[in-house]
Amino acid sequence: MTGAGGAFGKIINETGIGKQLVEGMTGLTDGTGVAILIACFVISQVLRAAQGSTTVALVTTSAIFAPVLASLSGVSAILASLAICAGGIGLSLPNDSGFWVINRFGKFDVPGTMRVWTVGGTISGVTALVVILILSMFTNSLPGLL
């Protein structure tokens, strides 16, 4: 499954879809570091919701953004990686095996699992993104972020 995520990311890049996705997202704020971080988060979260696997979403999003990040100076690959991970936290839906683990072991019904696991995870992911965006303001002064 993980290898398939990497292959899927490679296919997305080779077809030009990845470049169009990134350019479309970054065009909103002239390609600043903040836009790249938000794009990493959003694409990771959309892929997670679409197919259920956090691992595949993270590997695919990383494969999409790796060439872009390599060509940009001033955007922290570390913060981009964290934004991708934060995007993988939320939107756990019934197509995710983790959703059913929480459902069964927590003895929740499906709406209860949505409230506890899906909403809680999404809030956690967005909170992590906010912290990442705050850290991005200090990229040049905090050691190790570039």
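1. α6 and α7 are roughly perpendicular to each other (65 to 115 degrees; under 35 would be roughly parallel, over 145 roughly antiparallel, the rest oblique). Helix α6 covers residues 97-105 and helix α7 residues 110-136. They pack at an angle of about 110°, with axes 10 Å apart. Axes are lines fitted to C-alpha atoms over the stretch in contact, and angles run from 0 to 180 degrees between N-to-C directions. The α6 and α7 crossing is right-handed (near helix turned clockwise from the far one by less than a right angle; anticlockwise would be left-handed). On the α6 side, G98, F99, W100, I102 and N103 make the contact (heavy atoms within 4.5 Å). On the α7 side, V110, T113, M114, W117 and T118 do so. Six of these residues are nonpolar, four polar and none charged. Nonpolar here means Ala, Val, Leu, Ile, Met, Phe, Trp, Tyr, Cys and Pro; charged means Asp, Glu, Lys and Arg; the others, Gly among them, are polar.

2. A note on the source. This is a predicted model, in which local features need pLDDT of at least 70 and side-chain atom pairs count only at pLDDT 80 or more, while totals for chains, interfaces and linings use all residues. Residues are numbered from 1 along each chain as its sequence is written, and side-chain values use heavy atoms, with hydrogens and water left out.

3. One aromatic pair is counted (ring centres within 6.5 Å, using the six-membered ring of Trp). The rings of F99 and W100 have centres 5.1 Å apart and planes at 75°, so the pair is edge-to-face (over 60 degrees; under 30 is stacked, the rest tilted). F99 is buried, at 0% relative accessibility (buried is under 20%, exposed over 50%, partly exposed in between; 1.4 Å probe, protein chains only). W100 is partly exposed, at 29%.

4. Now the other helix pair. Helix α3 (residues 33-51) packs on helix α4 (residues 54-71) at about 150°, with axes 8 Å apart. α3 and α4 are therefore roughly antiparallel. Their crossing is right-handed. From α3, the contact uses I36, A39, C40, I43, S44, L47, R48 and Q51. From α4, it uses T54, V56, A57, L58, T60, T61, I64, F65, V68 and L69. By class, that gives twelve nonpolar, five polar and one charged.

5. Overall, the protein has seven helices and zero strands (DSSP runs numbered from the N terminus: H or I of at least four residues, E of at least two). Buried residues make up 36% of the 146 residues. Among contacts between residues at least 6 apart in sequence, 66% join residues at least 24 apart.
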